[in-house]
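Here are my notes on the model you asked about. Keep the structure open beside you and look up each piece as we go.

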Amino acid sequence: MRPNVISDEFQLTRARSLADCQPLQVEDYSLQAAVFASPPKWHLAHMTWFFETFLLKEFVPGYRPQNDAFQVLFNSYFNGIGEQHPRDKRGLLSRPNLEEVFAYREVVDEAMLLLLSDPHHPSYTEIQRRTRLGIEHERQHQELMFTDIKYSLAANPLFPAMSPGTNSPEGDAAVSTSETVSSSLAQQRILSGAAGLLPGTAVMNEAPADELGPGWSSFEGGLVEIGYQGDGFCFDNELPRHPVFLQPFELADGLVTNAEFQAFVDDRAYECPDYWLADGWAAVQEQGLRGPLYWLERDGQHLEYTLQGLLPRHPQHPVCHVSGYEADAYARWAGARLPTEAEWEFAATSQPEPVRGRDTHNLLHPPAREHRTDRQLYGACWQWTQSAYSAYPGFKAEGGAIGEYNGKFMSNQWAVRGGSCVTWSSQARSAYRNFFYPQDRWQFLGVRLAR
Ligand SMILES: [Fe+2]
């Protein structure tokens, strides 16, 4: 790859991290409402630490880290590198302050661009490869920044929007927490079914859910291949490509909607153990779950917390922020099941659709399905599969600390596929494997049925 191509990608991605944070207020940068919801300031520093650790320290002779303390503070989980600041205490790092983190980014950016500008460096191929990994890593963290700050802001009873003034296209559809929500506009929107359209959301031709879907596609199965193929970037866990045998199956053409999930709630499925895996039922009992994370009922109205604030819940938007257990229980209630990873990937490969992502549609909430051929593979919600996230036959993690990136998490998590509204389109590919614990709900996680 020519030096300026990778440098451009690097700069574009680094700038995007800062642009994404633009709407934040200074108090927001340190919020951490749960162990898994890292503060934006920590993300900004950690992405920088990644380039410093895996590129500058390795390939720039005599490179001196900006600050030795940062090596521990901003190491996420790389035991091969060394000690880590406790994950649940990232929000307590009032120092370095924000300005110092921005300055850290600038210094590392400058050193990285210098490194990338020298194609005669003896390790230039490896430098390019690692930089590509660092770029993809930063894009993954940008997605996490959105979902983490959403979780932390939602802990505030005022339900602040990530950005004041971007509550809704009209600026007035967001539900104020200090006044009654039954007032005119919000209610009219709920009644008209046009509630809560977010910036950039395509307006569907108002076809009711049962007219548009769900619709099923049939696949014969047989011996197929999955795993990354091509000469672009992929993560190590997408390899090696390998054969799998699939029984004939059907996959829903669209994602489960809020209206459909509401029927599950209304049927008191959260009170009926028949639909639930044992661990899922235990979670329902222990946490008192009665619906997806961020769903709220107030004065009889169905609301949903979004990055644009508290909004009337759009019946045709995909349901999101459900755990793997909730997805699985919904599927059982609906007389279906969750797809396997292999089914999902095979179906996505045999019926490709244009990728959408945060960088192409600029949405902060999963949009409604636009038309019959919009299968919502990418750009809306991650889709739970019933597959345990594990190694493909022949998988080998890279040697050294960087090999900790994916492989060591292959235990007790479920694979999710596709990509969400805040995933980069460069990562929205059929082979991409993301993974979460089945109880996790804070990502944009949705449901696609199989049978
Ligand atoms: Fe990371």
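**Notes on the model**

1. Let's start with helix H10, which spans residues 324–333 and is mostly covered, with eight of its ten residues buried. The buried ones are Gly324, Tyr325, Glu326, Ala327, Asp328, Ala329, Tyr330 and Ala331. Keep in mind throughout that this is a predicted model.

2. What sits over those buried residues of H10? The cover includes H8, H9, strand S8 (382–388) and strand S9 (414–418), so have a look at those elements too. Just after H10 comes glycine 335, and its phi is positive, near 75 degrees.

3. Now for alanine 269, which lies in the loop between helix H8 (258–266) and helix H9 (278–287). Is alanine 269 buried or exposed? It counts as buried, because it has 21 C-beta neighbours inside 10 Å, and the cut-off for being buried is 20 or more.

4. Which residues does alanine 269 touch, leaving out those up to four places away in sequence? They are Phe264, Tyr275, Ala329 and Trp333. Take the pair of alanine 269 and tryptophan 333: they are 64 residues apart in sequence, yet their C-alpha atoms are 7.7 Å apart in space. Ala329, another residue on that contact list, is also one of the buried residues of H10.

5. Time to zoom out. The protein has 451 residues, and 44% of them count as buried. Its secondary structure adds up to twelve helices and eleven strands. If you take the contacts with a separation of 6 or more, 79% of them link residues 24 or more positions apart.

6. Two of the strands that help cover H10, S8 and S9, belong to an open sheet of four strands, in the order S10-S9-S8-S11 and with mixed pairing. At the edges are strand S10 (434–436) and strand S11 (445–446), each of which pairs on one side only. S9 and S10 run antiparallel and are joined by three bridges. To find one of these on screen, look for valine 416, whose bridge partner in S10 is asparagine 434. As background, strands of a sheet pair through backbone hydrogen bonds, either parallel or antiparallel.

7. Next, find strand S6 (residues 301–306), where five of the six residues are buried, making the strand mostly covered. Strand S5 (residues 295–298) runs antiparallel to S6, and four bridges hold the two together on paper. One place to check is tryptophan 295, which has glutamate 304 in S6 as its bridge partner. S5 and S6 make a hairpin with two residues between them, and aspartate 299 in that turn has a positive phi of about 50 degrees.

8. S6 also pairs with strand S7 (residues 309–312): again the two run antiparallel, with four bridges joining them. How many residues lie between S6 and S7 in their hairpin? There are two. Threonine 306 stands opposite glycine 309 in S7, so check that pair when you trace the turn.

9. Finally, the helices. Helix H1 (residues 3–21) packs against helix H5 (residues 124–154) at an angle of about 20 degrees, with the axes 10 Å apart. That makes H1 roughly parallel to H5, because the angle is under 35 degrees. The crossing of H1 past H5 is left-handed. On the H1 side the contact has Ile6, Glu9, Phe10, Thr13, Arg14, Arg16, Ser17 and Asp20, which meet Gln128, Thr131, Ile135, Glu138, Arg139, Gln142 and Met145 in H5. Sorted by class, the residues of this contact are four nonpolar, five polar and six charged.

10. H1 has another partner, helix H4 (residues 98–116), which packs with H1 at an angle of about 165 degrees, with the axes 9 Å apart. H1 and H4 are therefore roughly antiparallel, and their crossing is right-handed. Pro3, Ile6, Ser7, Phe10 and Arg14 of H1 make this contact with Asp109, Met112, Leu113 and Leu116 of H4. Here the classes come out as six nonpolar, one polar and two charged residues. Look for Ile6, Phe10 and Arg14 in particular: these H1 residues appear in the contact with H5 and in the contact with H4.

Terms used. Residues numbered from 1 in each chain as written. Predicted model: local features only at pLDDT ≥ 70, side-chain atom pairs only at ≥ 80, totals over all residues. Buried ≥ 20, exposed ≤ 12 C-beta atoms within 10 Å, placed from the backbone. Contact = placed C-beta atoms within 7 Å. Pairing = 2+ DSSP bridges. Axes fitted to C-alpha atoms, helices over the stretch in contact; angles between N-to-C directions. Parallel < 35°, antiparallel > 145°, perpendicular 65-115°, else oblique. Left-handed = near helix turned anticlockwise from the far one by under 90°. Nonpolar A, V, L, I, M, F, W, Y, C, P; charged D, E, K, R; others polar.
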